[in-house]
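User: Could you take a close look at the interior of this protein for me? I'd like to know how the nonpolar core, the aromatic residues and the main pocket fit together.

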Amino acid sequence: MGFFEDVPPSIVWEGQSYRITDESVEIQDIGNDAGEVIRKISSNSTPNNHGESNVLEKGTKIFQSKKQFEDENYKELVIQINKKEYIKAYPMLGI
């Protein structure tokens, strides 16, 4: 694998692309229910439409985060992996 991934694991939410990480989220940092993944596309494709992901299955729950992303006006997303595990997705600014 090269230094850069060809297509990062991502989701498009409300017009913003987010990079999906494996960083855990604490329960107290999870905000309101935002919805769910609408469509899973090929892992080597870049999502372009709201609710599309190249790694998350259709129906995966998405939540708002109570934390802002760095100093920007963007919030992280929280993705529910299973009943007890949640991970972060960061806005990919400039994309």
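Analyst: Happy to; what follows goes from the nonpolar cores to the aromatic pair and then to the pocket. Please keep in mind that this is a predicted model.

Let's begin with the core. The largest nonpolar core is made up of eleven residues: Ile 11, Trp 13, Tyr 18, Ile 20, Val 37, Leu 56, Ile 62, Leu 77, Ile 79, Ile 87 and Ala 89. At least two residues of this core come from each of strand 1 (10-13), strand 2, strand 7 and strand 8 (85-91). Another core lies apart from it, with five residues that include Val 25, Ile 30, Val 78 and Tyr 86. As background, nonpolar side chains in soluble globular proteins tend to be buried together.

Val 37 is a good member of the largest core to click on. Leaving aside residues up to four places away in sequence, Val 37 touches Ile 11, Leu 56 and Ile 62, and also Gly 51, Ser 53, Glu 57, Lys 58, Gly 59 and Thr 60.

Now to the aromatic side chains. The structure holds one aromatic pair, and its partners are Phe 63 and Tyr 86. Their rings meet edge-to-face, at 6.0 Å centre to centre and with 75 degrees between the planes. This pair links distant parts of the chain, since Phe 63 belongs to strand 6 and Tyr 86 to strand 8, 23 residues apart. Both Phe 63 and Tyr 86 are buried. Tyr 86 is also one of the residues of the five-residue core.

Next, the pocket. The largest pocket holds about 190 Å³ of space. Twelve residues line this pocket, and Trp 13, Glu 14, Tyr 18, Lys 75 and Leu 77 are the closest to its centre. Here the pocket meets the core: Trp 13, Tyr 18 and Leu 77 are also members of the largest nonpolar core. Strand 2 (16-24), strand 6 (61-68) and strand 7 (75-82) each give at least two residues to the lining, and strand 7 gives the most, with three. The lining is mixed in class, with five nonpolar, four polar and three charged residues.

One last stop is Ser 17, which sits in strand 2. Ser 17 counts as buried because its relative accessibility is 14%, and the cut-off for buried is under 20%. From Ser 17 to Glu 52 the separation is 35 residues in sequence, and 9.7 Å in space from C-alpha to C-alpha.

Conventions
Residues are numbered from 1 along each chain as its sequence is written. This is a predicted model: local features need pLDDT of at least 70, side-chain atom pairs count only at pLDDT 80 or more; totals for chains, interfaces and linings use all residues. Side-chain values use heavy atoms; hydrogens and water are left out. On a 1 Å grid over the protein atoms alone, a cavity is a set of points where a 1.4 Å probe fits but cannot get out, and a pocket is an open set with protein on both sides within 12 Å along at least five of seven lines; lining residues have an atom within 4 Å of a point. Grid points are joined across faces, edges and corners, and a volume is the space filled by probe spheres set on the points. Helices (H or I, at least four residues) and strands (E, at least two) are DSSP runs, numbered from the N terminus. Ala, Val, Leu, Ile, Met, Phe, Trp, Tyr, Cys and Pro count as nonpolar, Asp, Glu, Lys and Arg as charged, and the others, Gly among them, as polar. Buried means under 20% relative accessible area, exposed over 50%, partly exposed in between (1.4 Å probe, protein chains only). A nonpolar core is a set of buried Ala, Val, Leu, Ile, Met, Phe, Trp, Tyr and Cys residues joined through side-chain atoms within 4.5 Å. Contact means heavy atoms within 4.5 Å. Rings of Phe, Tyr and Trp (its six-membered ring) pair if their centres lie within 6.5 Å; planes under 30 degrees apart count as stacked, over 60 as edge-to-face and the rest as tilted.
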